[in-house]
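Work through the exercises below with the model open beside you. Try each task before reading its solution.

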Amino acid sequence: MALDKNGIAKRIAQELKDGYYVNLGIGIPTLVANYIPEGMNVTLQSENGLLGIGPFPAKGKADADLINAGKQTVTFIDGAAFFDSATSFGMIRGGHVDLTVLGAFEVAENGDISSWKIPGKLVKGMGGAMDLVAAAKNIIVATTHTDRKGNSKLIPECTLPLTGVQCVKKIVTDLAVVEVTDAGFKLLERAPGVSVEEIKAATTGKLIIEGDIPEMNI
Amino acid sequence: MSKVVKNAQEAVKEIKNGSTVMFGGFGLCGIPENCINALVDNNIQDITCISNNAGIDEFGLGLLLRKHQLKKMIASYVGENKEFERQLLSGELEVELIPQGTLAERIRAGGFGIPAFFVPAGFGTEIQGDKEIREFNGKPHVMELGMTADFAIVKAWKGDANGNLIYRHTANNFNNMMASAGKITIAEVEELVPVGELEPNQIHTPGIFIQKIFQGTNYEKRIEFVTEQ
């Protein structure tokens, strides 16, 4: 059966390593914070100038000076640091962030990503997304495999305005884990109970299937 | 001559129609509330506004927007403001959307005397436009220019009469870089302390960048999304 958004976040959390600095985008990516393995040291970076994002504050303790990139109130952990936006994007652009997780409207088989604009409808701006995808060492896209209308989001070529080119390395969807290779989308894992046929039907981009495809272990 | 002025009205009185003004803040966090109100009261027109976001409809920069005081907006994300989206889609407002990291670095470079630099963000997207592209380390980079403004208005937690500033938590964001990039920089602070009280090792923005400073009042410090356990 297809994963829900928590399932996607849980699978992505398996990519975390001890000592990692991680930037989590708005939406499904933020849920990854809930599944950091016990005892693993992972530091969350917030583009607006915080290293060491903590949990949401207790009731009544929200601080207007302490928010995340999504403008929600947060707390900070022991050992946190505050800094300005140029320093924040210096961390990102300078390759100091180990893992970036973000959502997408479309991912192309060559790793292009569209995630910020639907002409005439959604024109809010790109925020930090272009900086993140252009320079991040390791980018994982968290998304549903198809959109609300059932159209594939893993496609031959992006139709919407691009956020970045040839930058996505891995995609975790509600149906599968997919690696972006020189030859196209390589299927690595199936969501529990989901068949290869279902994944093929949901993918219009070039999908490479070699051998037995294991189920995600979540 | 002292940098200290009485209030926001005193601070913004030189800002005329058609000025380019940078406003610090990320969302509603760290915005210069008093100066925004003063500009609304003065009904200054045709402002080119540079800020990461556009506030919300009834607060922050949204106040200037709904009174149609802005000619152009330069920002990275304007999602929380419906009026903004409407003015953008209808063509009433000229908008330039810039990747947040590039915007931050353009402002820093402008303030620090760097006319141009190269970054990877935006290559292959509509941001690239007809900007110069150069390859470094086997990767294409886009040339971006340093950005300055007639005025920069920043908001800090504490400041002194020399203009030294300290920010609190995530309310620093764009304020530190903007401080250097305004031909004239105005700082509004929650607490104006006597010279000598701020510990030099603690200062985020050295006073050399600040031309006017005043003690702010009645901060609302609204929160866009109160998110609690």
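The exercises that follow concern a predicted model.

**Exercise 1. Chain A as a whole**

Task: State which helices and strands chain A holds by number, and judge its radius of gyration against the globule rule.

Solution:
- Start with the elements. Chain A has five helices and 13 strands.
- Take the rule next. For 218 residues, a compact globule would have a radius of gyration near 17 Å. Chain A has 17 Å, so the two agree.
- Add the outer dimensions. Along the principal axes, the C-alpha atoms of chain A fill a box of roughly 50 × 40 × 30 Å.
- Check burial. Of the 218 residues in chain A, 56% are buried.
- Finish with contacts. Among contacts in chain A between residues at least 6 apart in sequence, 61% join residues at least 24 apart.

**Exercise 2. Cysteines**

Task: Count the disulfides over all chains, then explain the result for Cys167(A) and Cys49(B).

Solution:
- Recall the bond. A disulfide is a covalent bond between the sulfur atoms of two cysteines.
- Set the cut-off. The sulfur atoms must lie within 2.5 Å.
- Test Cys167(A). The closest cysteine sulfur, in Cys158(A), is 9.0 Å away, which is too far for a bond.
- Test Cys49(B). Its sulfur is 13 Å from the closest cysteine sulfur, in Cys35(B), so this pair is also too far for a bond.
- Give the count. There are zero disulfides over all chains.
- Note the surroundings. Cys167(A) is buried at 6% relative accessibility. Cys49(B) is buried too, with a relative accessible area of 0%.

**Exercise 3. A pocket and a cavity**

Task: Describe the lining of the second largest pocket, then that of the largest cavity.

Solution:
- Begin with the pocket volume. The second largest pocket holds about 230 Å³ of space.
- Name its elements. Helix H4 (129–135) of chain A and strand S7 (139–145) of chain B are the elements that give two or more residues to this lining.
- Find the residues. There are 16 in the lining, and Val133(A), Ala134(A), Val165(A), Cys167(A) and Lys139(B) lie nearest the pocket centre.
- Sort them by class. The pocket lining has nine nonpolar, four polar and three charged residues.
- Turn to the cavities. Five reach 30 Å³ or more. The largest cavity has about 50 Å³ of space.
- List its lining. From chain A come Ala64(A), Ile67(A) and Lys71(A). From chain B come Phe26(B), Leu28(B), Cys29(B), Arg222(B), Ile223(B) and Glu224(B).
- Sort again. The cavity lining divides into six nonpolar, no polar and three charged residues.

**Exercise 4. Positive phi**

Task: Place Lys71(A) and Asn43(B) in their loops, and say whether each is buried or partly exposed.

Solution:
- Take Lys71(A). Its phi is positive, about 70°, although it is not a glycine.
- Locate Lys71(A). It sits in the loop between strand S3 (50–53) and strand S4 (76–82) of chain A.
- Classify it. Lys71(A) has a relative accessible area of 4%, so it is buried.
- Take Asn43(B). It is not a glycine either, and its phi is about 55°.
- Locate Asn43(B). Its loop runs between helix H2 (33–42) and strand S2 (47–50) of chain B.
- Classify it. Asn43(B) is partly exposed, at 37% relative accessible area.

**Exercise 5. The helix before Asn43(B)**

Task: Explain why H2(B) counts as largely enclosed, and find what covers it.

Solution:
- Count the buried residues. Seven of the ten in H2(B) are buried, so the helix is largely enclosed by the rest of the structure.
- Name them. They are Glu33(B), Asn34(B), Cys35(B), Ile36(B), Ala38(B), Leu39(B) and Val40(B).
- Find the cover. Among the covering elements of chain B are helix H1 (8–12), helix H3 (62–66) and strand S8 (149–160).
- Step past the end. H2(B) is followed by Asn43(B), with its positive phi near 55°.

**Exercise 6. Two residues of chain A**

Task: Decide whether Ile140(A) and Gly39(A) are buried or exposed.

Solution:
- Locate Ile140(A). It lies in strand S8 (139–142) of chain A.
- Classify it. Ile140(A) has a relative accessible area of 1%, so it is buried.
- Look at its contacts. Ile140(A) touches residues including Ile12(A), Leu99(A), Val101(A) and Val172(A).
- Locate Gly39(A). It lies in the loop between helix H2 (28–31) and strand S2 (43–46) of chain A.
- Classify it. Gly39(A) is exposed, with a relative accessible area of 76%.

Terms used
Residues are numbered from 1 along each chain as its sequence is written. Chains are lettered from A and ligands numbered from 1 in the order in which they are written. This is a predicted model: local features need pLDDT of at least 70, side-chain atom pairs count only at pLDDT 80 or more; totals for chains, interfaces and linings use all residues. Side-chain values use heavy atoms; hydrogens and water are left out. On a 1 Å grid over the protein atoms alone, a cavity is a set of points where a 1.4 Å probe fits but cannot get out, and a pocket is an open set with protein on both sides within 12 Å along at least five of seven lines; lining residues have an atom within 4 Å of a point. Grid points are joined across faces, edges and corners, and a volume is the space filled by probe spheres set on the points. Helices (H or I, at least four residues) and strands (E, at least two) are DSSP runs, numbered from the N terminus. Ala, Val, Leu, Ile, Met, Phe, Trp, Tyr, Cys and Pro count as nonpolar, Asp, Glu, Lys and Arg as charged, and the others, Gly among them, as polar. Buried means under 20% relative accessible area, exposed over 50%, partly exposed in between (1.4 Å probe, protein chains only). The radius of gyration is taken over C-alpha atoms; the globule rule is 2.2 Å times the number of residues to the power 0.38. Contact means heavy atoms within 4.5 Å. Lists of a residue's contacts leave out its neighbours within four places in sequence.
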